[in-house]
Amino acid sequence: MDEPEPTTVSMAPPANAPETGGVHASSLVAQPPAPRMLPSGDLSRPARRRGDAIFRMLAQGSGALLLVIMAAIAVFLVLQAIPALKADTTSFLTTLGWAPDATPSSFGIASLAFGSVLTSLLALLISVPVAVGVALATSHYAPRWLARPLAYVVDLLAAVPSVVFGLWGLMYLVPIIIGPSSFLNHYLGFIPLFASNGTYGKSIFAASLVLAVMAIPIVAAISREVFIRTPRDQIEAAWAIGATKWEMIRTAVLPYGRSGVISGTVLGFGRAVGETIAVALVLSANYEISFHILEPGGNTIAANIANRYGEAAAVGRGALIASGLVLFIITLVVNFGARAIVGRSGRGGAS
Amino acid sequence: MKLPRHRAVLGLLAGSGLLITACGSDTGGGVGSPSTNPGGAVAITCSSGSLTAAGSTAQQNAVAQWIKDYLNKCSAANINYGGGGSGQGVQQFTDGKIDFAGSDFPLAAGTEQQAADARCKTGPAVNIPMVGGPIAIGYNVPGVTKALNLSSSNLAKIFSGKITNWNDAAIAQDNPGTQLPSLGIQTFHRSDGSGTTYNFTNYLSNDAKADWTFGTNKNWAAPGGQGAKGSQGVAQGVKSTSGGIGYFELSFATQSQIPYAAVGNAEGKFVPLTQDNAVNFLSKANVPGTGGDLKLQFDYATTDATAYPNLLVTYEIVCSKGNAPDKLPLLKNFLGYAASPAGQQELTGQGSIPLPDNLQNQVRQAVGSLG
């Protein structure tokens, strides 16, 4: 933000001023007062110092409180998870099944973590190009009278409760997706991703589509904010050397907004990987690791918690909390990784 | 920083969106009929005070109807039943947060029973059956609208993936005269833990020992098939998939007009699903416990062709002794109403079945001896 600079006036003296000959015009013009500095040792203004101190304490306190809350969550997760992890008779990280309350207790997050990461990555793969397209459309392509309502509608999509998406996915998307799934399998079935045992429907593909619809507004909103803030002179420089609109966007807008798009993507990933009820409704939960995204099956950590919490006994609850801890760690790793990427890019950009 | 107007409206909409997102699981069931029993005045004895309970969602509609009837008559009382699942209910009961829990399974012997007894201090925690529910095997086969005969071994093979087509010889053999198309079978099971799964797999484990090797479990353990969340999800999957078959409470089958099968009992006879058949099967259950603990052991080996062997019962888990003195009268009176003929009669309107008379007497006695 520009700070008001002290204005200096140097001009001819006013017409009705007497000729003073030799006296510099500026001495006749009132100088503005020098910028006020708050003397640090000024004992005559205790009220203002107190207000400053209080505000500083509140701000610092809020920051500290946030750190304390995050640490408390991590500690709570670890403490609740430890008894269940001790009771587990098989390896927590590599076991596929989930039977913590059975009499040799055996559970593992291998299939759950795989499902969480796979569905979220697929969702981002589908949603990020669409979201960046929407952001570009609302910031550069749409006429002004259309851009604001369009942006507003996209933001509205972010306000829809997730359970509504889950119901829509279950009742509408799953039956409809059977057609395209069998088409993909028929023509592209040689790729392991699209191979199938003949049934389609409540699959990872359907869940990824639902998650993509939920991630689009987040990525689009942040990308749009960043694209709007592209410095005008960079855009005009691109115009000036004869770039077409697409070339201008490619050379001026997208590089400037890259770190913002990455931040938006990470937030979208966070929403997708933590999505609980929508995925629980749409996925046919089984405990296998399979890349056949068109087949019924697949499970995520969050959906497993939603499905199993009601009937879990003590070890079961601890096991679910342990899986929650793994989800927490996955999200932290992704966030730090994205920060590292953004930090390394260095070049001017809003974040 | 100027807050853009559309973001303020967005915030308002998000807030109202949060309010509208009320989490309620609809476990189906018909609309409850109001208590028109003229003997209702005898069935309900009023007390004041408040009760909280939680647990099984299978009995949620039934308990809601009982609460409504009780509070209609006794406005000084305050009773609350939250769902949340049997496991949650038992945990809250053991922690002392609720007065009784609804559970689809009796307390497990060992640590769970000991923990519940410790909460009651002066007496053991007991299981009192209150709500029965037949489990229907619903299917969606084009052209077949009447009840198919499905033996226990065929059901075990279907749900474990060994029989994969509706025109399989084993099914056709039990259904002479019915035209079964060549259509792949698509099985649906519960993806969440549930008493329905527990009792269905219990039936298969007992009556189809040779073909069902996956034991009795509240979490579905057999491979294959599609999972769906809640009985509503299973019913909806069956309804919308040609060739689908699944298991769910009777109310879901009648609600969505899904035809359901007559299942085979231990001797191989096919028993159609009617209220009388289900109540008949319940009446044959053994009660191995003593001292007011009415944990039921179903007689799956029965050869009675009018006893429908595939059903679940929901227990109220309550302290036999050691209840707080200010809660005890209301507890006894409310559970007494639920166990009374008037209260049990309400269950038919909810898609459940009343307990048979011999069991009702035992239940009323157990409730009366709560201390």
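Helices (H or I, at least four residues) and strands (E, at least two) are taken here as DSSP runs, numbered from the N terminus. On that basis, chain B of this predicted model contains 14 helices and 11 strands. Chain B has 371 residues, of which 51% count as buried. Among its contacts with a separation of 6 or more, 75% are between residues 24 or more positions apart.

Strand 8 of chain B, residues 244-249, is a good place to start looking around. With 6 of its 6 residues buried, this strand is largely enclosed by the rest of the structure. Pairing is found with strand 4 and with strand 6 of chain B, in opposite senses: strand 4 (residues 125-140) runs antiparallel to strand 8 and is joined to it by 6 bridges, whereas strand 6 (residues 186-190) pairs with strand 8 in the parallel sense over 3 bridges. Individual positions can be followed in both pairings. Tyr247(B) in strand 8 stands opposite Ile137(B), and Gly244(B), also in strand 8, is the bridge partner of Gln186(B).

Attention now turns to the contact between the chains. Chain B contributes 26 residues to it and chain A contributes 25 residues. On the side of chain B that touches chain A, at least two residues each come from helix 1 (5-20), helix 4 (86-94), strand 7 (226-228) and helix 9 (230-240). Helix 1 of chain B gives the most to this side, with 6 residues. Sorted by class, the side of chain B that touches chain A comprises 17 polar, 5 nonpolar and 4 charged residues.

Technical notes
Residues are numbered from 1 along each chain as its sequence is written. Chains are lettered from A and ligands numbered from 1 in the order in which they are written. This is a predicted model: local features need pLDDT of at least 70, side-chain atom pairs count only at pLDDT 80 or more; totals for chains, interfaces and linings use all residues. A residue is buried if 20 or more other C-beta atoms lie within 10 Å of its own, exposed if 12 or fewer, and partly exposed in between; C-beta atoms are placed from the backbone. Two strands pair if DSSP finds at least two bridges between them. Two residues are in contact if their C-beta atoms, placed from the backbone, lie within 7 Å. Ala, Val, Leu, Ile, Met, Phe, Trp, Tyr, Cys and Pro count as nonpolar, Asp, Glu, Lys and Arg as charged, and the others, Gly among them, as polar.
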